[in-house]
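Trainee: Before I use these terms in my own report, I should like to see how each one is justified.
Mentor: Then let us set the values against the definitions.

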Amino acid sequence: MIETTKLDSIKGVPMQVVAEGFNAFETQKSPKGEVKFLGSPKDVIEVVRSGKLQDYILLVRGGTTTFLTPALSMGASGVITMSGAPESHLGILSREFQIPCVMTAHLTSSDSRYVVGNTDDAHFEEIADTLIGKTVQLHCDDEEIGRVSIVS
């Protein structure tokens with residue numbers, strides 16, 4: 001079972017927020033999709049070739065994940081990173097392509113946070129295990145905070 005935080009905000013409709021992070025840019029776009037982890041250039045090529053790219057919210061480890069560029073240019077609908085800042089390569093590209101992006105996401109049910117140079121693999125594995133395969137919606141309408149909610 002996924003622990004979530006309940007918010008009343010988004011247009012009066014309650015949502016179950018499972019993760020939060022930095023918002024790469026403010027947008028009213030609120031994409032939904034199944035979370036798919038892309039850990040290598042091969043993964044990106046496979047999802048682009050599948051013809052189902054827009055069905056997914058892409059999960060990557062960091063904001064310097066330059067190999068994600070083909071997916072962004074081919075119409076990815078949303079991105080979640082587990083590290084990286086809006087000023088990173090991926091943050092800049094997400095703004096250029098106008099693709100909602102929640103960066104340095106952390107689980108709302110966990111005390112684990114990304115700290116540069118001091119974060120072990122357990123932090124990333126916990127996020128991946130919680131999100132991969134789930135249908136989520138990104139909420140990037142706040143200037144600073146991006147949210148990830150579970151879609152029921």
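The dialogue below takes up rings, burial, strands and contacts.

Mentor: The model is predicted, so to speak of a local feature requires pLDDT of at least 70 and a side-chain atom pair requires pLDDT 80 or more, while totals for chains, interfaces and linings use all residues. Residues are numbered from 1 along each chain as its sequence is written, and side-chain values use heavy atoms, with hydrogens and water left out.

Trainee: What makes Y114 and F124 an aromatic pair, and why is the pair called tilted?
Mentor: Rings of Phe, Tyr and Trp (its six-membered ring) pair if their centres lie within 6.5 Å; planes under 30 degrees apart are stacked, over 60 edge-to-face, and the rest tilted. Here the centres are 6.0 Å apart and the planes meet at 55°, so the pair is tilted. The count by this rule is 1 aromatic pair.

Trainee: Why is F124 called buried and Y114 partly exposed?
Mentor: Buried means under 20% relative accessible area, exposed over 50%, and partly exposed in between (1.4 Å probe, protein chains only). F124 has 7% and is therefore buried; Y114 has 27% and is therefore partly exposed.

Trainee: How do you know that a charge sits over the ring of F124?
Mentor: The definition asks for NZ of Lys or CZ of Arg within 6 Å of the ring centre and within 35 degrees of the ring normal. The charged end of R61 sits over the ring of F124, 3.7 Å from its centre. Likewise, the charged end of K36 sits over the ring of Y56, 5.3 Å from the centre.

Trainee: What makes β3 and β4 paired strands?
Mentor: Strands (E, at least two residues) and helices (H or I, at least four) are DSSP runs, numbered from the N terminus. Two strands pair if DSSP finds at least two bridges between them. Strand β3 (residues 32-37) and β4 have 4 bridges in the parallel sense, and therefore pair. K36 stands opposite L58 in β4.

Trainee: Why is strand β4 called mostly covered?
Mentor: Of the 5 residues in β4 (residues 56-60), 5 are buried. Y56, L58 and V60 point one way, and I57 and L59 the other.

Trainee: What makes S77 and Y56 a polar contact?
Mentor: A polar contact is a pair of N or O atoms within 3.5 Å; within protein, one must be able to donate a hydrogen and the other to accept it, and residues adjacent in sequence count only if both atoms are side-chain atoms. A polar side-chain atom of S77 lies 3.1 Å from the backbone oxygen of Y56.
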